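Here's a quick walk through a single protein chain, from its overall layout down to a few ring contacts.

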Amino acid sequence: MVPALVMAAIGLVLAVLGFGVLRDGLLPIRDALILRRRGVRVTGDLMRYEHLPVLRRGRYRGSEVPVYRFPLTDGGFWEARSITAVRATVRGSGTRVEVVYDPEDPDRVTGPIRHRGHVGTAFVLLLGLVALGLFVFLWTTALTHIA
């Protein structure tokens, strides 16, 4: 009885983690689809990079997220962080780049997209699916031992 409850508890933790990872993996896909459907291409300026820290092996390592300044369709200018991060600073600030932004939500912007980001998104989605699969396995195993 106790091992079944432990399996069920571990399964629930995996379900919560799995759904969180899937949500985090699906948001960039949603944003990319929105930009593909209604995005406007303009030439903007790479203003700077903002560091997003990620704790790995006791040290902070993270991605650099470009911040772009670009003209809006109404003639004004907007500055926003990209929805896609890059591994390292490739270009200096002030560099002219082509950006794509959503006119309904100018904070949804991206610069030149590299295929490396798609591999990372696919890995996150796979990880979420594995966690949910383990949840289903542990939960059904726990229920058969309780009944």
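Helices here are DSSP runs of H or I with at least four residues, strands are E runs of at least two, and both are numbered from the N terminus. Going along the sequence, the protein chain reads α-β-β-β-β-β-α, which adds up to 2 helices and 5 strands. Keep in mind that this is a predicted model: local features need pLDDT of at least 70, side-chain atom pairs count only at pLDDT 80 or more, and totals for chains, interfaces and linings use all residues. Residues are numbered from 1 along each chain as its sequence is written, and side-chain values use heavy atoms, with hydrogens and water left out.

Of the 147 residues in the protein chain, 30% are buried (under 20% relative accessible area, with a 1.4 Å probe and protein chains only). The exposed area is about 9,800 Å², with 64% of it supplied by carbon and sulfur atoms (Shrake-Rupley method, 1.4 Å probe). Taking contacts (heavy atoms within 4.5 Å) between residues at least 6 apart in sequence, 65% join residues at least 24 apart.

Now for the rings. Aromatic rings pair if their centres lie within 6.5 Å; planes under 30 degrees apart are stacked, over 60 edge-to-face, and the rest tilted. That gives 1 aromatic pair. Phe 70 and Tyr 101 have planes at 35 degrees, so the pair is tilted. Its members sit 31 residues apart in the chain, and both Phe 70 and Tyr 101 are buried.

A charge also sits over a ring (NZ of Lys or CZ of Arg within 6 Å of the ring centre and within 35 degrees of the ring normal): Arg 69 over Phe 77.

| Partners | Distance |
|---|---|
| Phe 70 ring centre, Tyr 101 ring centre | 4.9 Å |
| Arg 69 charged end, Phe 77 ring centre | 4.4 Å |

How values were computed
Buried means under 20% relative accessible area, exposed over 50%, partly exposed in between (1.4 Å probe, protein chains only). Rings of Phe, Tyr and Trp (its six-membered ring) pair if their centres lie within 6.5 Å; planes under 30 degrees apart count as stacked, over 60 as edge-to-face and the rest as tilted.
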